[in-house]
Amino acid sequence: MTTRGVLYLHSAPRALCPHVEWAVGGVLDTRVSLDWIRQPAAPGSWRAELSWQGEPSTASRLASALRGWQLLRFEVTAEPVTGCEGEGPLEAEISRLLGKPWDDELEPFRHAGEGTPVRWLHQVV
């Protein structure tokens with residue numbers, strides 16, 4: 001099952017451009033050479049676009065590879081595919097982001113402490 005989408009690199013400093021190409025190429029498992037053009041909205045920055053095709057998880061892998069890079073503005077789109085719209089059920093993703101797997105892991109330990117004395121702190125200085 002494959003889908004397609006577009007990676008919009010809205011602005012990046014010139015020195016970051018080859019690193020972006022390398023990271024994107026790593027996700028797509030191919031050499032990437034983008035046509036960078038000046039970004040008029042942010043002088044000194046460059047912009048590029050890349051149409052991609054891959055597994056439904058490609059958009060999130062691209063976003064993960066580029067997130068946290070300072071001075072880089074980007075967005076990734078992906079078309080829905082039959083049986084798989086986007087990255088999966090929204091409820092499951094929100095649950096994961098809110099820490100439900102960690103909460104589930106701790107639940108047996110919470111019950112193991114039932115009946116043990118608890119010291120309540122009424123005033124902390």
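This is a short tour of a predicted model, starting in its core and ending at a few individual residues.

**The core**

Let's begin with the largest nonpolar core, which has 20 residues; Leu9, Val20, Val24, Trp36 and Leu66 are the members that touch the most others. Four elements each give two or more residues to this core: the strands β1 (3-13) and β3 (45-54), and the helices α1 (17-28) and α2 (58-66). Helix α1 supplies the largest share, with 5 residues. As general background, nonpolar side chains in soluble globular proteins tend to be buried together.

Leu9 is a good place to look around. Leaving aside neighbours within four places in sequence, Leu9 is in contact with Val20, Leu34, Trp36, Trp46, Arg47, Ala48, Leu66, Leu72, Arg73 and Phe74. Three names on that list, Val20, Trp36 and Leu66, also appear among the core members that touch the most others.

**Helix α2, one side in**

Which residues of α2 are buried? They are Thr58, Ala59, Leu62 and Leu66. These residues span an arc of only 105° around the axis, so they sit on the same side of α2. What do they pack against? Their partners are β1, α1, β3 and β4 (73-76).

Thr58 belongs to this helix. With a relative accessible area of 2%, it falls under the 20% cut-off and therefore counts as buried. Not counting residues up to four places away in sequence, Thr58 touches Val27, Leu28 and Trp52. After α2 comes Gly68, which has a positive phi near 85°.

**Two loop residues with positive phi**

Most residues other than glycine have a negative phi. Asp29 goes the other way, with a positive phi although it is not a glycine, and Leu71 also has a positive phi without being a glycine. Asp29 is in the loop between α1 and β2 (37-38), while Leu71 is in the loop between α2 and β4. Asp29 is exposed, and so is Leu71. Here are their values:

| Residue | Phi | Relative accessibility |
|---|---|---|
| Asp29 | about 60° | 71% |
| Leu71 | about 70° | 66% |

**Thr3 and its surroundings**

Thr3 lies in strand β1. Is Thr3 buried or exposed? Its relative accessible area is 6%, and because that is under 20%, Thr3 counts as buried. Leaving aside neighbours within four places in sequence, Thr3 is in contact with Trp52, Gln53, Gly54, Glu55, Pro56, Ala78, Glu79 and Val81. With Glu79 there is a polar detail as well: a polar atom of the Thr3 side chain lies 2.4 Å from the backbone oxygen of Glu79.

Thr3 also gives a feel for distance across the model. Its C-alpha atom is separated by 43 Å from that of Arg110, which is 107 residues away along the chain.

**Side chains with charges and rings**

Lys100 is part of helix α4 (residues 100-112). Its relative accessible area is 41%, so Lys100 is partly exposed. The Lys100 side chain makes a polar contact with the side chain of Asp104, at 2.6 Å.

How many aromatic pairs does the structure hold? The count is 0. There is still a ring worth a look: Arg14 lies over the face of Trp46, 4.3 Å from the ring centre. Trp46 is also one of the residues in contact with Leu9, which brings us back to the core where we started.

Methods:
Residues are numbered from 1 along each chain as its sequence is written. This is a predicted model: local features need pLDDT of at least 70, side-chain atom pairs count only at pLDDT 80 or more; totals for chains, interfaces and linings use all residues. Side-chain values use heavy atoms; hydrogens and water are left out. A nonpolar core is a set of buried Ala, Val, Leu, Ile, Met, Phe, Trp, Tyr and Cys residues joined through side-chain atoms within 4.5 Å. Buried means under 20% relative accessible area, exposed over 50%, partly exposed in between (1.4 Å probe, protein chains only). Contact means heavy atoms within 4.5 Å. A polar contact is a pair of N or O atoms within 3.5 Å; within protein, one must be able to donate a hydrogen and the other to accept it, and residues adjacent in sequence count only if both atoms are side-chain atoms. The arc is that of the directions from the helix axis to the C-beta atoms. Rings of Phe, Tyr and Trp (its six-membered ring) pair if their centres lie within 6.5 Å; planes under 30 degrees apart count as stacked, over 60 as edge-to-face and the rest as tilted. A charge sits over a ring if NZ of Lys or CZ of Arg is within 6 Å of the ring centre and within 35 degrees of the ring normal.
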